[in-house]
Structure formats: structure tokens, C-alpha cells
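Reader: Please take a close look at one part of this predicted model. I would like the internal space first, then the helix packing beside it in your account.

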Amino acid sequence: LFPRIGLQFFPKADKPFAVVSIELPSGPGEAQTSQTVSHVLKALRKHPFVKETSAVIGGGYPPIFIGRATPYASTDLADVLVRLVPGYSSQQATRQIAQTLAEFPGIRSHVEELYSGPPVPHPIMVRVMGDDYKVLRAYAEDIKTILRREPGTINVRDNLSETLPTSRVELDADRAFRHGVTAAQVGATLRWLYGEDKIWEYCEDRETKQVVLESLPFTEEPLLDLEQTSIPTTSGTSIPLFAVAKVVQSRGYAELHRRNSRRIVEITSDVTGNTLVSKVVAHLRGELDRTSWTPGYSYTFGGQQQETENSFAQLGLAAVFALVIIAVLLLLLFNSFRLTAIILCAVPFVLIGVLPGLAFTGNPFGFMAFLGTVALLGVYVNHKIYFVDRALELMRRGQGLSDAIAQAGMDRIRPVVLTALTA
């Protein structure tokens with residue numbers, strides 16, 4: 001029954017909120033993002049189930065407030081928090097909000113309900129590690145194809161798909177030497193003129209503020225301005241950049257990620273409705289295990305799957321420790337390894353009530369079900385202790401083993417049923 005039930009260790013939070021993530025193509029700037037979010041807010045407020053809306057431009061809400069990972073700071077990103085009227089289904093609201101956002105072309109948006117548990121940026125995340133970005137992109141495309149075939153997955157993407165126009169300065173070593181210019185001088189000058197550096201920070205009303213040295217505003221001919229940038233020489237004069245270097249136009253990746261000093265590509269996906277991440281990940285893991293991987297390349301799961309595995313590992317250790325403590329207490333109580341083993345061997349029968357109950361109600365196995373199983377385990381062991389103690393008492397009175405077991409079961413049936421009805 002467990003494959004049918006599925007696993008959702010971190011359930012949805014019972015809060016009347018929905019979160020909308022908005023991402024614009026790289027480049028328009030904060031003004032364009034703010035204008036787009038303003039139009040989105042006006043459209044969302046027309047729904048009768050929307051009580052209040054708020055937005056954050058250039059980033060996201062802190063994870064301590066809404067239980068999801070805060071995206072990186074960027075002028076192309078925005079978070080919209082929608083508060084629903086009491087009693088309205090958040091799942092139904094997210095579907096209607098998604099339909100409204102589909103009317104806005106040119107933006108990437110995602111609507112999600114709030115989840116309990118540690119904050120993660122995306123419920124599904126696959127990290128492929130390697131050395132060559134071309135090979136990483138090929139693996140990313142294959143994984144995205146598999147994810148798009150899975151029902152309930154949306155917003156499938158990777159961090160290497162989006163590129164930006166870049167200008168690469170190629171320094172001529174001979175000409176630079178003749179003019180007394182070094183690569184360090186060229187780099188420092190370009191960074192000072194066209195980069196953004198934090199030069200100071202201070203606190204005001206318990207809020208840390210940064211002083212940033214912004215780059216020069218671009219003109220209508222930015223490449224010409226770049227080529228004519230004055231570069232200082234060792235003789236105290238300056239020369240234009242084109243005298244010692246040439247500017248080459250190309251395209252580069254918008255995002256480059258590393259993990260443990262290794263290059264990686266992150267493939268992410270969101271899910272809709274009641275789609276279980278565990279089922280999608282299980283099928284994806286099977287496909288990836290059958291893939292022939294180039295030596296030096298591997299994959300790991302992140303997102304909700306990683307948090308679930310970490311939590312289960314910790315809870316598994318705690319469960320083993322609890323069983324050891326129970327075994328020691330039973331051994332001290334009965335002074336018999338055989339009776340202790342009999343009671344512990346009956347522990348797995350607890351799942352007879354857990355798994356059919358979850359399958360009948362249509363709920364996945366999660367954190368609350370785990371706590372319920374632990375509580376049921378305690379009650380179950382407690383009843384077995386009374387059962388064995390009653391059977392031993394009857395055997396001391398002269399009854400045979402079979403008769404003592406049958407009579408102990410009859411004596412314990414009423415308290416067991418009453419406990420089950422009142423639990």
C-alpha cells in the first residue's frame with residue numbers, strides 16, 4: 001500500500017494564503033518589474049476570494065514568515081502574497097490565480113500554497129555535477145524532458161538555459177607591454193567604471209543600509225564608450241582601451257552555480273494541486289539510474305526530497321534508539337529475552353491499521369502520520385505488556401499455554417476496544 005499512498009513529509013500549511021512568484025526576462029530593471037507587479041495586483045484584487053495583497057520587488061518574503069526559501073535578490077524578481085477570505089479553499093484559489101496570470105505574456109509566474117517544514121526554493125530539484133557546461137546542458141535537457149512528461153509538474157527549467165549578451169575584453173599582450181599597461185590595470189579600471197561595489201554600510205534604526213558605488217549610465221553607443229575607456233599607464237598618461245585590446249561580443253550564462261567547488265546545473269520544477277513530489281522523484285530516480293553517465297558526472301536531489309531524506313534519517317535514528325530503550329525496559333520487566341523478542345516482533349503489525357487508514361482517507365504518509373504511528377506504537381506495546389503479563393498469570397494458576405493465551409485475549413479485548421474508540 002505504501003507506493004499507492006505516497007510520501008508527503010511536509011504537508012500543506014493550514015493558512016489562508018497563496019504566494020505568487022513573478023520573474024521577468026533579465027534586463028528590464030526594477031521600474032519595469034514594479035509596473036508589471038502593479039498590473040498583476042490590480043487583476044488579482046478583482047477576485048472575490050482575495051482579501052488583501054502585498055508585494056516585494058527585487059527579492060522575496062523572508063522564509064521565517066511564509067515557510068519558503070527567499071529567492072536571490074534581483075530586479076527581475078518579485079513576490080506577491082495573497083491573503084484569502086476565511087473559509088475559501090487555497091487549492092481552488094491557486095488555480096484561479098494561475099489562470100489570471102496566464103493572461104500576462106512575457107513573464108514567468110508560479111502560484112503555490114504554503115507548506116510546513118524547512119523552506120526550499122522548489123519542491124523538485126536535481127543537481128548534476130561535472131566539469132563541462134556543454135555536457136551539463138545536455139544532461140539538463142534530458143532531465144527536463146523526463147520531468148515534463150510527469151503529470152502535475154510545471155515551470156520545469158534549469159539555470160543554464162537563459163543567456164545574456166556579454167562583452168569580453170581581449171588584451172593584446174605585446175601592445176599592452178609597449179604602452180606600459182598590465183591586465184590588472186585594465187581589469188581594475190573597468191570594474192571601477194562599470195561595476196557596482198559596496199564601499200560602506202551603516203545601521204539606522206536597527207536596519208543595516210549599504211552604500212554602493214554604481215556604474216556609469218549607459219549611452220546610446222555603449223560598445224563605443226567601452227572601447228574609448230581611458231586606461232592609465234605606468235608613465236602617468238592614459239590611452240584608450242582599443243589601443244591595447246579589442247572588445248568581442250558574445251553571450252554568457254545568466255546564472256552559474258557551484259557546489260563544493262564543482263560546476264553544477266540545477267534542474268527545478270514545481271508541482272500543481274495534490275501532486276506528490278515523492279512519486280515524481282521516484283520515477284525520475286529510476287530514469288536517471290538507467291542513464292549511462294559520463295565518468296566524472298553525477299547527480300543528487302535537492303529541494304523537498306533532500307529535506308525529507310535528512311529528516312527521515314534523523315527520525316530513523318531516534319526510532320532505533322527508542323526501540324532499544326523499549327527493549328531494555330521489557331527485559332528488566334520480564335527478565336526474559338524470549339518474551340521481549342515476542343513483544344518487539346509484534347511491533348510491525350501496527351502498520352496494519354496505519355496504511356489502510358491512510359489509503360482509505362486518501363492521505364499520504366507524512367510527518368503527522370509518523371507522529372500518530374509513534375503514539376500508536378506506544379499504546380500497542382503497552383497492550384502487549386498487559387497481554388503477556390495476564391497470560392503468564394493464568395499459566396501460573398495452572399492453565400495451559402493455548403488456554404492462557406485465549407483467555408488473556410478475551411480479558412484484554414474490552415480495554416483495547418475502549419482505548420481505540422477514545423483515541
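**A cavity and a helix pair**

Author: The lining of the largest cavity divides into 3 nonpolar residues, 5 polar and no charged. The model is predicted, so treat what follows as computed from it. The count comes to 1 cavity of 30 Å³ or more. About 50 Å³ of space lies in the largest cavity. Its lining is made by L7, Q8, F9, V277, S278, Q304, Q305 and T308. Two elements give two or more residues to that lining: α9, residues 277–289, and α10. The most comes from α10, with 3 residues.

Now follow α10 to its contact with α11. Helix α10 spans residues 303–334. Helix α11 spans residues 337–345. Their axes come within 8 Å and cross at roughly 135°. Angles over 145 degrees would count as roughly antiparallel, and 65 to 115 as roughly perpendicular. The crossing fits neither range, so α10 is oblique to α11. The crossing is right-handed.

Next, the residues that meet. From α10 come I326, A327, L330, L331 and F334. From α11 come F337, L339, T340, I343 and L344. This contact divides into 9 nonpolar residues, 1 polar and no charged. The polar one is T340.

Set the two sites side by side. The cavity lining holds 5 polar residues and 3 nonpolar. The α10 and α11 contact holds 1 polar and 9 nonpolar. Neither site has a charged residue. Helix α10 takes part in both: 3 of its residues line the cavity, and residues including I326 and F334 meet α11.

Conventions: Residues are numbered from 1 along each chain as its sequence is written. This is a predicted model: local features need pLDDT of at least 70, side-chain atom pairs count only at pLDDT 80 or more; totals for chains, interfaces and linings use all residues. Side-chain values use heavy atoms; hydrogens and water are left out. Axes are lines fitted to C-alpha atoms, for helices over the stretch in contact, and angles run from 0 to 180 degrees between N-to-C directions. Helices (H or I, at least four residues) and strands (E, at least two) are DSSP runs, numbered from the N terminus. Angles under 35 degrees count as roughly parallel, over 145 as roughly antiparallel, 65 to 115 as roughly perpendicular and the rest as oblique. A crossing is left-handed if the near helix is turned anticlockwise from the far one by less than a right angle, and right-handed if clockwise. Contact means heavy atoms within 4.5 Å. On a 1 Å grid over the protein atoms alone, a cavity is a set of points where a 1.4 Å probe fits but cannot get out, and a pocket is an open set with protein on both sides within 12 Å along at least five of seven lines; lining residues have an atom within 4 Å of a point. Grid points are joined across faces, edges and corners, and a volume is the space filled by probe spheres set on the points.
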